[in-house]
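Subject: A structure for you to look at

Dear colleague,

I am handing over a structure that I would like you to open and turn around before you read on. Once you have it in front of you, please go through my notes below.

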Amino acid sequence: MSGRALFGVSAVLALFGLAFGVRLAQQHEALLYPDGYQYLLMARGIAEHLQPPTELGPGGDQFVPSADASAKPLFPLLVAGAHTVGLPWLDAAHLVTALAGAVAVVALVLLVVKLTGSRLAGTAAGALLLASPSVALWSGF
């Protein structure tokens with residue numbers, strides 16, 4: 001690997017680490033948004049028997065996710081994976097959310113650099129996304 005490529009990989013990893021740290025620090029305690037509750041229940045179902053539906057307590061009703069939630073199984077799948085390695089459900093969801101937020105920042109930077117050819121524009125776009133109070137607020141739900 002050339003020195004230039006190594007520098008590029010190192011810069012992307014450093015940006016990811018910074019974005020991940022910021023997203024973790026921006027998380028706040030909030031009530032579970034209804035979508036978040038559905039995703040956690042889907043994750044529990046996936047962890048129990050590799051399917052999103054689950055039973056709500058012993059002898060409880062069957063939970064089947066809404067059509068909208070069931071069309072997006074990646075987040076619950078990742079949360080279930082994080083839970084199976086020992087994290088509590090909410091901690092797993094917070095970790096996956098912070099990782100996704102960091103990936104979004106890095107992806108935006110790389111996309112803007114590719115489209116514009118300007119590292120400055122890419123850095124500015126990533127910084128704006130990372131500093132967005134709306135993104136920070138909604139990632140807590």
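What follows is a description of the whole chain, and then of a few places in it.

Please keep in mind from the start that this is a predicted model. The protein has seven helices and two strands, and if you follow the chain from the N terminus, its elements run in the order α-α-β-β-α-α-α-α-α. Along the principal axes, the C-alpha trace spans about 60 × 35 × 25 Å. Of the 141 residues, 27% count as buried, and among the contacts between residues at least 6 apart in sequence, 57% join residues that are at least 24 apart. The protein exposes about 8700 Å², of which carbon and sulfur atoms supply 71%. There are 6 positive and 7 negative side chains, and the centres of these two sets lie 26 Å apart.

A good helix to begin with is α4, which covers residues 74-84 and whose buried residues are Pro-76, Val-79, Ala-80 and Ala-82. These cover an arc of only 165° around the axis, and therefore they lie on the same side of α4. It may help to recall that an α-helix has 3.6 residues a turn, so residues three or four places apart point the same way. The buried residues of α4 pack against α2 and α5, whereas Leu-74 and Thr-84, on the other side of α4, are exposed. Just after this helix, Gly-86 takes a positive phi of about 115°.

Next, please find Arg-23, which sits in helix α1 (residues 3-26). Is Arg-23 buried or exposed? Its relative accessible area is 3%, and because buried means under 20%, Arg-23 counts as buried. Leaving aside residues up to four places away in sequence, Arg-23 touches Ala-98, Gly-101, Ala-102, Val-105, Leu-129, Leu-130 and Val-135.

Finally, have a look at Leu-50, which lies in the loop between α2 (34-49) and β1 (54-55). Most residues other than glycine have a negative phi, yet Leu-50, although not a glycine, has a positive phi of about 60°. With a relative accessible area of 72%, Leu-50 is on the exposed side of the cut-off, because exposed means over 50%.

With best wishes

Technical notes:
Residues numbered from 1 in each chain as written. Predicted model: local features only at pLDDT ≥ 70, side-chain atom pairs only at ≥ 80, totals over all residues. Heavy atoms only, no water. Helix = DSSP H or I, 4+ residues; strand = E, 2+ residues; numbered from the N terminus. Buried < 20%, exposed > 50% of the residue type's maximum accessible area, 1.4 Å probe, protein only. Contact = heavy atoms within 4.5 Å. Arc of directions from axis to C-beta. Areas by Shrake-Rupley, 256 points an atom, 1.4 Å probe, with all protein chains shown as cover. Lys, Arg positive; Asp, Glu negative; His and termini not counted. Charge placed at Lys NZ, Arg CZ, Asp CG, Glu CD.
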